[in-house]
Amino acid sequence: MSPAEIVEQVAAVSRDTGQDLTNVVFMGMGEPFMNYDNVIKAAYLINHMDGLAISSRHIVISTAGVVDRLLQYTDEKHKFKLAISLNSPFEEQRCKIMPITKKWDLDVLLKAVKRYVQKSKLRPTFEYVLLAGINDTHKEAREIIRLMKKHSLQNKCHPL
């Protein structure tokens with residue numbers, strides 16, 4: 001999608017609902033970082049005072065872990081919030097849930113996220129869709145805590 005098409009989708013939701021939008025999350029329309037340039041341009045248009053004037057703190061770009069684009073995003077110092085779709089702390093399971101993640105393993109992704117945190121001084125949101133009987137056990141929860149600690153990404157985790 002082009003930046004204009006993306007912005008039009010957001011504007012259409014506002015028109016159709018009769019509500020002024022206050023938050024935008026780039027997610028669920030494919031991997032946003034696979035359309036990196038257009039997503040970034042659209043985010044700036046949505047943020048701009050002459051655009052939809054939505055605060056950069058209320059614009060989130062989500063990724064399943066396209067590491068080369070995450071590193072680019074970090075280096076370019078964009079002002080929008082970042083979210084990482086984790087959905088499993090185990091590589092094989094994560095690849096089944098989100099096949100796009102096969103290219104970069106969790107260790108590489110989490111090192112890139114740590115670099116983002118160090119350079120931006122911002123913490124990303126980690127997204128996790130609970131799938132009954134697939135990724136919803138204490139085993140997964142404990143492994144997430146271990147991964148966050150290993151990569152120094154935890155805030156205050158409470159062990160299970």
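The legends below walk through a predicted model, from the whole protein to close-up views of single helices and residues.

Residues are numbered from 1 along each chain as its sequence is written, and side-chain values use heavy atoms, with hydrogens and water left out. Because this is a predicted model, local features need pLDDT of at least 70 and side-chain atom pairs count only at pLDDT 80 or more, while totals for chains, interfaces and linings use all residues.

**View 1. The whole protein has six helices and four strands.**
Helices (H or I, at least four residues) and strands (E, at least two) are DSSP runs, numbered from the N terminus. Follow the chain and you will meet them in the order α-β-α-β-α-β-α-α-β-α. The C-alpha atoms fill a box of roughly 45 × 35 × 30 Å, taken along the principal axes. The radius of gyration is 17 Å, which agrees with the value near 15 Å for a compact globule of 160 residues; this radius is taken over C-alpha atoms, and the globule rule is 2.2 Å times the number of residues to the power 0.38. Of the 160 residues, 41% count as buried, where buried means under 20% relative accessible area, exposed over 50% and partly exposed in between (1.4 Å probe, protein chains only). Among contacts (heavy atoms within 4.5 Å) between residues at least 6 apart in sequence, 61% join residues at least 24 apart. The accessible surface comes to about 9,200 Å², with 54% of it belonging to carbon and sulfur atoms; such areas come from the Shrake-Rupley method with a 1.4 Å probe, and for residues only the protein chains shown count as cover.

**View 2. Helix α2 covers residues 36–47.**
Its twelve residues reach 16 Å from the first C-alpha to the last, close to the 16 Å expected at 1.5 Å a residue. That expected span is 1.5 Å times one less than the number of residues. Look for the buried residues Y36, V39, I40, A42, A43, I46 and N47. They cover an arc of only 165 degrees around the axis, which puts them on the same side of α2; the arc is that of the directions from the helix axis to the C-beta atoms. As background, an α-helix has 3.6 residues a turn, so residues three or four places apart point the same way. The cover over the buried residues of α2 includes α1 (3–17), β1 (24–26), β2 (59–63) and α3 (67–76).

**View 3. Helix α3 has V67, L70, Y73 and T74 buried.**
Seen down the axis of α3, these buried residues fall within an arc of 115 degrees, so they line one face of the helix. Among the elements covering them are α2, β2, β3 (81–85) and α5 (106–120). After α3 comes K77, whose phi is positive, near 55 degrees.

**View 4. Where does Q93 sit?**
Q93 is in helix α4 (residues 91–97). With 17% relative accessibility, Q93 counts as buried. Its side chain is joined to that of S88 by a polar contact of 2.4 Å. A polar contact is a pair of N or O atoms within 3.5 Å; within protein, one must be able to donate a hydrogen and the other to accept it, and residues adjacent in sequence count only if both atoms are side-chain atoms. Leaving aside residues up to four places away in sequence, Q93 touches S88, I134, N135 and E140.

**View 5. Helix α5 buries L106, L109, L110, A112, V113, Y116 and V117.**
Their directions fall within an arc of 155 degrees, so these buried residues line one face of α5. Their cover includes α3, β3, α4, β4 and α6. At the start of α5, a side-chain oxygen of D105 reaches to within 3.1 Å of the backbone nitrogen of D107. The end C-alpha atoms of α5 are 20 Å apart, which agrees with the 21 Å that its 15 residues should span at 1.5 Å a residue.

**View 6. L110 is a residue of helix α5.**
L110 is buried, with a relative accessible area of 0%. Not counting residues up to four places away in sequence, L110 touches F126, L147, M148, H151 and L153. The C-alpha atoms of L110 and M148 are separated by 8.3 Å, although these residues are 38 residues apart along the chain.

**View 7. K121 and S152 each have a positive phi.**
K121 lies in the loop between α5 and β4 (125–127), and its phi is near 65 degrees. At 67% relative accessibility, K121 counts as exposed. S152 belongs to the segment after α6 (138–150), with a phi near 55 degrees. Its relative accessible area of 38% makes S152 partly exposed.
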